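Please look at the sequence and the model shown below, and follow the pairing of its strands. The report after it takes up the pairing and burial of one strand, and then the confidence of the prediction.

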Amino acid sequence: GMWMSGELGSGNGNATKPNEWVAARGAVRRVCWSHPEFGQLLATAGADHSVVIWEEREGNFKSLATPDDNINNNAAMAGGNTNNTSSSGDTTSSRWVQKATLSDARRAVTTVEFAPRHLGLRLASGSADGVVRIYEALDTMNLNHWKLDGVIEAEVEDTADNTEAGQQMNIGDNLSNENMGVSSLSWCTGRFEPATLCVGF
């Protein structure tokens, strides 16, 4: 799941209600912000083999703290900064909306990184299958549609135990340090340099 505290470092002593929501059907391995030019966007890398794109929306929405909330809405709505209460329950000034799910990875997604803004709205993801996938938003005004723009494959030695006992131990992609696939990503931020991505294995 995701948990986010508002007003970090404000120094006013007033803690705001945190945003929290279910972001994946398993552990969230990495979280990354896009450049603010593209809005309030987050990407999450999940052990459920997916990258999810989230956008913050402003407005009055029912808080997840309200007793009659449906748990299935957790993936699309986050409790946020409380404005007021009513007989129907708390309301919140923002929520995080799931815009796209990128599910090309064959194993857990271990890292994710937005490109620098001069390269457009692009995103690189790395997964335990040893593959880096680069996605690009087809329209920055419609974040529901992303295309797979490139794939970098590396030969990663499979040290998994294929015995029945070993497979039971590996449920949920609980990988050893020797079998993490792609462990880190970093874009070159130089505006006058060719698009370059460093990949750690």
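## Strand pairing and confidence

Strand E8 (residues 109-114) and strand E9 run antiparallel and are joined by 5 bridges, where strands are DSSP runs (E, at least two residues) numbered from the N terminus and two strands pair if DSSP finds at least two bridges between them. This is a predicted model, in which local features need pLDDT of at least 70 and side-chain atom pairs count only at pLDDT 80 or more, while totals for chains, interfaces and linings use all residues. Residues are numbered from 1 along each chain as its sequence is written, and side-chain values use heavy atoms, with hydrogens and water left out.

Within the pairing of E8 and E9, Phe 114 has Leu 123 as its bridge partner. E9 is also joined to E10, again antiparallel, by 5 bridges, with Gly 126 opposite Val 132. The hairpin of E9 and E10 has 3 residues between the strands, and Gly 130 there takes a positive phi near 80 degrees.

Because 6 of the 6 residues of E9 are buried (under 20% relative accessible area, 1.4 Å probe, protein chains only), this strand is largely enclosed by the rest of the structure. In a regular strand the side chains alternate between the two faces of the sheet. In E9, Arg 122, Ala 124 and Gly 126 lie on one side and Leu 123, Ser 125 and Ser 127 on the other, all of them buried.

The mean pLDDT (the predictor's confidence in each residue, from 0 to 100) of the protein chain is 73, and 57% of its residues reach 70 or more. Two stretches fall under 50, listed here with their contacts (heavy atoms within 4.5 Å).

| Stretch | pLDDT | Contacts in the model |
|---|---|---|
| Residues 5-16 | below 50 | 4 contacts beyond near neighbours in sequence |
| Residues 165-178 | under 50 | 18 contacts beyond four places in sequence |

Definitions and conventions
Buried < 20%, exposed > 50% of the residue type's maximum accessible area, 1.4 Å probe, protein only. Helix = DSSP H or I, 4+ residues; strand = E, 2+ residues; numbered from the N terminus.
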